[in-house]
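Open your viewer and get ready to click along. We will go from stop to stop, and at each one you will hear what to select and what is there.

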Amino acid sequence: MAGQKKTAAPGNPLREERDKRLPRIAGPCSMVIFGVTGDLSRKKLMPAIYDLANRGLLPPGFALVGFARRDYADEDFAEVVLDAVKTHARTPFRQEVWDQLSEGIRFVQGTFDDDAAFGTLAQTLKKLDAERGTGGNHAFYLSIPPNAFPVVLEQLSRTGLAKPPESGPGKPQPWRRVVIEKPFGHDLQSAQELNALVNRVFPEETVFRIDHYLGKETVQNLLALRFANELFEPIWNANFVDHVQITMAEDIGLGGRAGYYDGIGAARDVIQNHLLQLLALTAMEDPVSFQPRQLQIEKIKVLSATKLVEPLEETTARGQYAAGWQGSERVVGLLEEEGFDPHSRTETYAAITLNVDTRRWAGVPFYLRTGKRLGRRVTEIAVMFKRAPHLPFDQTMTEELGQNALVIRVQPDEGITMRFGSKVPGSSMEVRDVNMDFSYGESFTESSPEAYERLILDVLLGEPSLFPVNEEVELAWRILDPVLEHWAAGGKPEPYEAGTWGPSSADEMLARTGREWRRP
């Protein structure tokens with residue numbers, strides 16, 4: 001059929017010329033991963049790179065360079081990558097794809113303060129330019145603790161790796177980019193210092209701050225849902241919306257993660273980045289276009305207009321999970337988890353109330369919550385609509401009728417649910433809530449790419465739409481900092497039993513305004 005011609009890229013399986021899900025192919029380039037022996041690299045980054053290659057979305061000469069202290073030869077590192085791919089890749093293993101990808105795998109041994117190692121890295125990339133045709137285009141992925149950023153950035157600057165060489169006449173200008181994992185600081189001041197540090201070495205347009213939630217298919221579909229359908233836009237405002245709940249709940253505990261999590265807590269870990277970004281996408285006005293800068297402008301407008309609702313002792317809640325039952329398993333509380341201070345005041349549950357002071361959203365509270373050891377794993381955006389101003393029914397006819405709701409399910413069961421009232425079959429008039437459900441898995445034959453798959457490709461393409469810029473990061477901290485200061489001046493977080501939906505103070509937070517949390 002016309003438009004469906006099939007081609008086979010060297011070393012890649014047959015595929016359609018136009019991939020409707022991830023249609024753009026990266027040009028010649030490499031990616032250098034610092035912290036390449038860590039869990040993130042093994043479980044997410046290396047499998048995502050293989051999946052992109054398997055889909056024909058990486059150039060034939062793509063190179064992957066690992067930098068770590070381990071005493072690996074290139075072949076040893078290739079075996080590490082292969083094991084990660086076979087264990088965690090989303091797409092089927094194909095030997096011909098792996099053979100081509102493995103030809104570009106290199107490893108550099110060294111510590112971050114090792115000048116000689118960074119000299120070796122510079123030579124390795126120069127050789128790849130000559131041998132693999134990477135063209136001077138290199139992305140540096142800092143999968144490392146934030147306290148290691150200064151020394152790595154200084155090394156990249158000192159060796160000239162952060163600055164692309166000048167191109168010759170008629171040749172494209174090479175690029176250099178840096179990828180940073182959250183957390184982006186631990187408060188406003190530290191975020192500003194970190195941004196200044198990064199921008200001294202890499203211009204802002206070459207900095208990609210990874211928020212993997214923004215790469216999830218359903219988050220992308222939120223933009224399509226809002227701006228490709230006239231059905232929702234007329235009611236997407238304070239005239240019809242009562243409130244919005246944005247939830248990220250996890251059923252796992254924090255065993256083994258004390259080194260990272262203790263002293264950080266749920267608000268810094270999730271609300272400052274993931275949930276405030278979801279709020280911005282939910283509340284933003286339609287952009288002039290879907291060019292990266294236009295999307296960023298609209299998100300910045302929303303975050304600039306977002307304010308905490310006070311008093312904070314009534315409009316925020318924090319908790320810490322105690323022992324309880326997670327399904328059929330008896331689990332310990334945070335204070336009994338290995339590595340945690342038995343007097344730790346780190347919260348594992350956080351909820352805040354926000355207003356977006358714009359014409360569209362004035363008076364509509366946005367409730368953000370996140371927690372560990374909750375009833376189930378779910379991330380969702382629930383737009384809760386106002387009740388009808390007049391119901392021509394007896395109360396007994398509608399006693400089981402709740403609020404209309406539109407729920408965007410981000411994970412794990414990606415999709416959208418609409419809740420509305422319908423008559424129960426029978427001779428009497430009885431109205432009850434029913435759900436109309438859309439599921440990605442049932443509606444599309446293509447499987448959704450992993451978030452890191454999408455985001456890594458965007459880095460290599462230089463497509464920054466899904467990455468928060470300096471101003472977004474700093475605005476998010478301006479919103480959250482007063483809550484953290486308020487909690488720091490208070491007592492301990494309220495205990496809640498593992499397997500429940502959080503502390504009673506969170507329920508009271510909504511009950512004061514006659515509302516209640518959804519129980520997904």
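Which residues have the most contacts inside the largest nonpolar core? Keep that in mind while you look at the whole chain, which is a predicted model. The chain has 15 helices and 20 strands, and buried residues make up 53% of its 520 residues. Among contacts between residues at least 6 apart in sequence, 77% join residues at least 24 apart.

**Stop 1: the core**

Now select Met31, Phe34, Leu121, Phe366, Leu368 and Leu460: these have the most contacts inside the largest nonpolar core, which has 151 residues. Colour helix α9 (residues 265-283) too, since this helix gives the most to the core, with 11 residues. At least three core residues come from each of domain 1 (29-181) and domain 2 (214-449 + 469-512). In soluble globular proteins, nonpolar side chains tend to be buried together.

Zoom in on phenylalanine 34. Leaving out residues up to four places away in sequence, Phe34 touches a list of residues that includes Phe67, Phe112, Phe118, Leu121 and Phe140.

**Stop 2: two positions from a record**

Next, select Arg69 and Lys182, where an unreviewed UniProt entry places the feature "binding site". Of these residues, Lys182 is included in the lining of the largest pocket.

Is arginine 69 buried or exposed? Arginine 69 counts as exposed because its relative accessibility is 68%, and exposed means over 50%. Look for Arg69 in the loop between β4 (63-68) and α2 (74-88). Beyond its neighbours within four places in sequence, Arg69 is in contact with Gln109, Gly110 and Thr111.

Lysine 182 is in another loop, between β7 (176-181) and α6 (188-201). Show Ile210, Tyr260, Asp269, Asn273 and His274 as sticks: Lys182 touches them, not counting residues up to four places away in sequence.

**Stop 3: the pocket lining**

The unreviewed UniProt entry also places "binding site" at His212, Lys216, Glu250, Asp269 and Lys372. Select these five, and you have residues from the lining of the largest pocket.

Begin with aspartate 269, in helix α9. Aspartate 269 counts as buried because its relative accessibility is 6%, and buried means under 20%. Among the residues that Asp269 touches, beyond those up to four places away in sequence, are Lys182 and Lys372.

Then move to lysine 372, in the loop between β15 (365-371) and β16 (378-385). Lysine 372 is buried, with a relative accessible area of 4%. Which side chain is joined to that of lysine 372 by a polar contact of 2.4 Å? Select glutamate 250 to see this partner.

**Stop 4: asparagine 273**

Go back to helix α9 and find asparagine 273. Asn273 is buried, with a relative accessible area of 4%. The asparagine 273 side chain reaches the backbone oxygen of aspartate 269 at 3.5 Å. A polar atom of the same side chain lies 3.4 Å from the backbone oxygen of arginine 268.

**Stop 5: alanine 317**

Finish in strand β11 (residues 316-322), where you will find alanine 317. Alanine 317 counts as buried, at 3% relative accessibility. Now select glutamate 508 as well: the two residues are 191 apart along the chain, and their C-alpha atoms are separated by 9.0 Å. The residues that alanine 317 touches, not counting those up to four places away in sequence, include Tyr349, Trp487 and Met509.

Technical notes: Residues numbered from 1 in each chain as written. Predicted model: local features only at pLDDT ≥ 70, side-chain atom pairs only at ≥ 80, totals over all residues. Heavy atoms only, no water. UniProt positions renumbered as here; feature names shortened; annotations may be inferred. 1 Å grid on protein atoms, 1.4 Å probe; cavity = no way out; pocket = protein on both sides within 12 Å on 5 of 7 lines; lining within 4 Å. Helix = DSSP H or I, 4+ residues; strand = E, 2+ residues; numbered from the N terminus. Buried < 20%, exposed > 50% of the residue type's maximum accessible area, 1.4 Å probe, protein only. Contact = heavy atoms within 4.5 Å. Core = buried A, V, L, I, M, F, W, Y, C linked by side-chain atoms within 4.5 Å. Domains from an automatic or database assignment. Polar contact = N/O pair within 3.5 Å; in protein donor to acceptor, adjacent residues only side chain to side chain.
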